[in-house]
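Me: I am looking at a protein model for the first time and would like to go through it slowly. Could we take it one question at a time?

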Amino acid sequence: MKRFPASVYSLGEEPDPRFSLANERTFLAWTRTGLALIAGGVALEVLGLDLHPGFRLAASLLLMIAGTAVAPLAWWEWMRAERALRQSRPLPGAFSAVVLAVVVVLVGLLVLAGVLWR
């Protein structure tokens, strides 16, 4: 039986299903995170909070762009982890978590600047 993506499933041996399902749940959690970031960006702009308009717009755009980027990053992280599981290698580090942490810090700084310079 052919499974998608072949670049993942053609490697190694079938791992314990619990690990593959946990990897899939992590992928779905990242996808929900992306949706939350997009919703937060839309809400920040639509609610028109009493923030400096330029900083508010920048924070909103950063949230929406990051939320959109999370989906392909989640897919990439899922494939890396699944390949490692199938080849009995150590799991890779979570690159996406570092990127998300940087985005959250930047958004926080933009909102803070928007409050201070309204």
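Me: In which helix does S96 lie, and is S96 buried or exposed?
Reply: Keeping in mind that this is a predicted model, we can place S96 within residues 95–116, which make up helix α4. Its relative accessibility is 3%, and buried means under 20%. S96 in helix α4 therefore counts as buried.

Me: Which residues is S96 in contact with, leaving aside its neighbours within four places in sequence?
Reply: Contact here asks for heavy atoms within 4.5 Å. With the neighbours within four places in sequence left aside, the residues in contact with S96 are W30, L73 and E77.

Me: Is V115 buried, partly exposed or exposed?
Reply: V115 is found in helix α4, and it belongs to a nonpolar surface patch, with V98, V102 and L106 also among the members, whose accessible area together is about 860 Å². Because its relative accessibility is 33%, and the range in between 20% and 50% is the middle class, V115 counts as partly exposed.

Me: How many residues apart in sequence are the parts that the pair of F4 and W75 ties together?
Reply: The structure holds 6 aromatic pairs. In the pair of F4 and W75, the ring centres are 6.1 Å apart and the planes meet at 25°, so the pair is stacked. Since F4 lies in the segment before α1 and W75 in helix α3, the parts that the pair ties together are separated in sequence by 71 residues.

Terms used:
Residues are numbered from 1 along each chain as its sequence is written. This is a predicted model: local features need pLDDT of at least 70, side-chain atom pairs count only at pLDDT 80 or more; totals for chains, interfaces and linings use all residues. Side-chain values use heavy atoms; hydrogens and water are left out. Helices (H or I, at least four residues) and strands (E, at least two) are DSSP runs, numbered from the N terminus. Buried means under 20% relative accessible area, exposed over 50%, partly exposed in between (1.4 Å probe, protein chains only). Patches are made of residues with over 30% relative accessible area and no salt bridge: like charges are joined within 9 Å, nonpolar side chains (Val, Leu, Ile, Met, Phe, Trp, Tyr) within 5 Å. Accessible areas come from the Shrake-Rupley method with a 1.4 Å probe; for residues, only the protein chains shown count as cover. A salt bridge is a side-chain nitrogen of Lys or Arg within 4 Å of a carboxyl oxygen of Asp or Glu. Rings of Phe, Tyr and Trp (its six-membered ring) pair if their centres lie within 6.5 Å; planes under 30 degrees apart count as stacked, over 60 as edge-to-face and the rest as tilted.
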